[in-house]
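Here are some notes for a colleague who is opening this structure for the first time. Please keep the sequence and the 3D view side by side while reading the points below.

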Amino acid sequence: MNKYCRTTLEQVVRVKDPGQPEFHQAVEEVFDSVSPVLDTHSEYRQARILERMVEPERTVIFRVPWVDDRGEIQVNRGFRLQMSSAIGPYKGGLRFHPSVNLSIIKFLAFEQTFKNALTTLPMGGGKGGSDFNPKGKSDMEVMRFCQSFMTELYRHIGPDTDVPAGDIGVGGREIGYLYGQYKRIRNEFTGTFTGKGLGWGGSHIRPEATGYGAVYLAGEVLALKKDSVCGKTCLVSGSGNVAQYTVEKLIQLGAKPVTLSDTGGYIYDEGGITREKLDFVLRLKNVTRGRIKEYAEKYPEAVFVPADPSLEYNPLWTHKADIAFPSATQNEINATDAANLVKGGVRLITEGANMPCTTAATVCLMDAGVKVLPAKAANAGGVATSGLEMCQNSMRVSWTREEADSKLHGIMRAIFRQITDAAEAYGEKGNYVAGANIAGFLKVANALLDQGVV
Ligand code: NDP
C-alpha cells in the first residue's frame, strides 16, 4: 500500500473512527487494491479523493420506539448512512439484526458504493438498518416496528434521493410494512423502495437476483477454461434469500449444492439438495420460519451439525467441493476455514454475502491459487435488479421474467468484463478482488473529480 493510502488509513480512518473494525477492514482492502492507481494518477491525490470517499455524505441515527404484544415499550436504534451520491441516488439495503452497529452499516455502505458503480447503472451508495431482531417476533410486532422505523426514515429518502431495499432480516414481509407506512406518510406511490411485491411495483427476478447473479458470475470464470458449473459440487452457507436462490440456480444448471446453514448449524446432504428439497427449505425459511436442522429431520440422508462456538473453524468449509458460495454474513470464513477449503479441493469462492472472508482468509485463498470473486461483483446482481426495478417504476412498465433475467445476466457479464479488464490494466491479471476495487473506484473517483469539491 502506498504512502497516501497508508496515511489516510492510519491517520484519518483509524483515528477519526476508532472502534469500527469492519469499516477499517473494508477500507484497507480497497486501499490495498487502488494503491497502484493512485501511484500513477496524482489528480486523485490532489483532489483528496480517498478522504472524501471514507467520509459519508450524511449519517442519520435515530430512536425507534414500538410496543410489543404484551403492551411493553421497546426501544431500538435505527441507522441510514448515505455514503455517496457521486453517480446516482443513494441505494442500498436495510439490515435488521441484533449485531447491527455503525461500523457494520458503514462498511456495508462503503462497499455498496463501489458495487453499485460496477452494475453499469446510475446508483450511489448507502445502507441502513437497526439492531431490531425480527426472529421470534409476531407479524404484528414486526409491523409496528417497521412503521415506527419508517416514521423517521421517510424524511430522508425518496425516489430521486435514496432508495432502500432488503438485506439480512429484511425480506418481503418487512419491505411491505415499511413501504406501506412510507406511502401513507408521503401520500405518493413512487419507486422509493426496491424488492417490492410483484403486484405493487416489484420486479420479476428481484428476489432471485443476488443468488442467480452469483452463479452467473461463477459461470463466467469457469467459461474462461471452457468449463461450467454443471456437475460441480458446491458448498453454500446461510439459508436466507441469497443462499436459497444460489441453490436454485445451481440445481437448474446441473450443479450439486450439498450444504445450507443458519446460526444454529448446518446440514450436509452428500447426494445433493434437489428441487423438492429446496422447495421444503423455501417453505421452512419464508413461511413457517423454522430452523435448518428440520431439513435433516425431514430428509434423514442428510446430517445436521450444530454450531459449536468453541471451535475456531466452521466444519461446513471442511467438506470436499469445487466451489464455495459463502452467503450468510461478514467474516464467516477465517484463515483456518480458508485452509480447509483449499484442502477440500475448492478452486473458486463466489462471495454471495458481503465481506464473508477475513483479510487473512482472502490472502490464504489467493496464495493457494483459489480464484475469489469478491462480493462487490459477485452479489451485485441484487442491487442491479433493484436498479431495473427503479427503471420500471419510473417508466410505469413491468418487464417479463425472461426480460429481467436476461438483463441481469447481461449485467453480470458486463461486471465480469470490467473487473477482468481493470485487473489486467494494473498488472493484476486474474485478480478479481483488485479488479472489482479498481473498476468501482475509478468510476466514483472520476465522478467526484467532475463535480468539483462536494
Ligand atoms: P437473510 O436474512 O435472508 O439470511 C441470512 C442467513 O444467514 C440466514 O440463514 C441466517 O441465519 C444466516 N446468518 C446471519 N447472520 C449469521 C451469523 N452471524 N452466523 C451464521 N449465520 C448467520 O439475508 P440475505 O440472504 O439477504 O443476506 C445474506 C448476505 O448476503 C448478507 O451478507 C447480505 O448483506 C448479503 N447480500 C444480500 C443481498 C440481497 O439481495 N438480499 C444483496 C447483496 C448482498 P439465521 O436465520 O439463524 O439468522
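Which residue in β4 does Gly78 stand opposite?

1. The residue in question is Ser130, which stands opposite Gly78. Please bear in mind throughout that this is a predicted model. Gly78 and Ser130 belong to a pairing of β2 and β4 that is antiparallel and holds six bridges.

2. Strand β2 also pairs with β1, again in the antiparallel sense, and here 10 bridges join the two strands. Ile61 is found opposite Phe79 of β2. The two strands β1 and β2 make up a hairpin with five residues between them, and in its turn Gly71 has a positive phi of about 85 degrees.

3. A further pairing, this time parallel, links strand β3 (residues 90-96) with β5 through four bridges, and Gly92 is placed opposite Pro164 of β5. Strand β5 (residues 162-165) is covered on both faces, since Asp162 and Pro164 on one side are buried, as are Val163 and Ala165 on the other. As background, side chains in a regular strand alternate between the two faces of the sheet.

4. Helix α6 (residues 139-153) is worth viewing together with these strands. The helix has 15 residues and reaches 21 Å from its first C-alpha to its last, close to the 21 Å expected at 1.5 Å a residue. Its buried residues are Val142, Phe145, Cys146, Ser148, Phe149, Met150 and Leu153, and they pack against β1 (58-67), β2 (73-84), β4 (125-130) and α7 (172-186).

5. The domain assignment divides out domain 1 (56-188) and domain 2 (209-373), whose C-alpha centres lie 27 Å apart. Where the domains touch, five residues of domain 1 are in contact with five residues of domain 2, and on the domain 1 side these are three nonpolar, one polar and one charged.

6. Where does the ligand lie with respect to the two domains? Domain 1 and domain 2 each give residues to the shell around the ligand, so the ligand lies between them. The shell is made up of 22 residues, and the closest are Gly240, Asp262, Thr263, Ala353 and Gly382. Sorted by class, the shell holds five nonpolar, 15 polar and two charged residues. Helix α9 (residues 241-252) gives the most to the shell, with three residues.

7. An open sheet of five strands can be followed in the order β7-β6-β11-β12-β13, and its pairing is parallel. Strands β7 (256-257) and β13 (371-373) stand at the edges with a single partner strand each, so that one side of each is left without a neighbour in the sheet. Within this order, β11 (residues 323-325) and β12 (residues 348-350) pair in the parallel sense over two bridges, with Ile323 opposite Leu348 of β12.

8. Is helix α17 (residues 432-450) largely enclosed or left open by the rest of the structure? Of its 19 residues 14 are buried, so α17 is largely enclosed by the rest of the structure. Its span also agrees with expectation, because 19 residues at 1.5 Å a residue should span 27 Å and the end C-alpha atoms are 27 Å apart. Just after α17, the backbone at Gly452 adopts a positive phi of about 80 degrees.

Key
Residues are numbered from 1 along each chain as its sequence is written. This is a predicted model: local features need pLDDT of at least 70, side-chain atom pairs count only at pLDDT 80 or more; totals for chains, interfaces and linings use all residues. A residue is near a molecule or strand if its C-beta atom, placed from the backbone, lies within 6 Å of it. Ala, Val, Leu, Ile, Met, Phe, Trp, Tyr, Cys and Pro count as nonpolar, Asp, Glu, Lys and Arg as charged, and the others, Gly among them, as polar. Domain bounds come from an automatic or database domain assignment. The expected span of a helix is 1.5 Å times one less than its number of residues. A residue is buried if 20 or more other C-beta atoms lie within 10 Å of its own, exposed if 12 or fewer, and partly exposed in between; C-beta atoms are placed from the backbone. Two residues are in contact if their C-beta atoms, placed from the backbone, lie within 7 Å. Two strands pair if DSSP finds at least two bridges between them.
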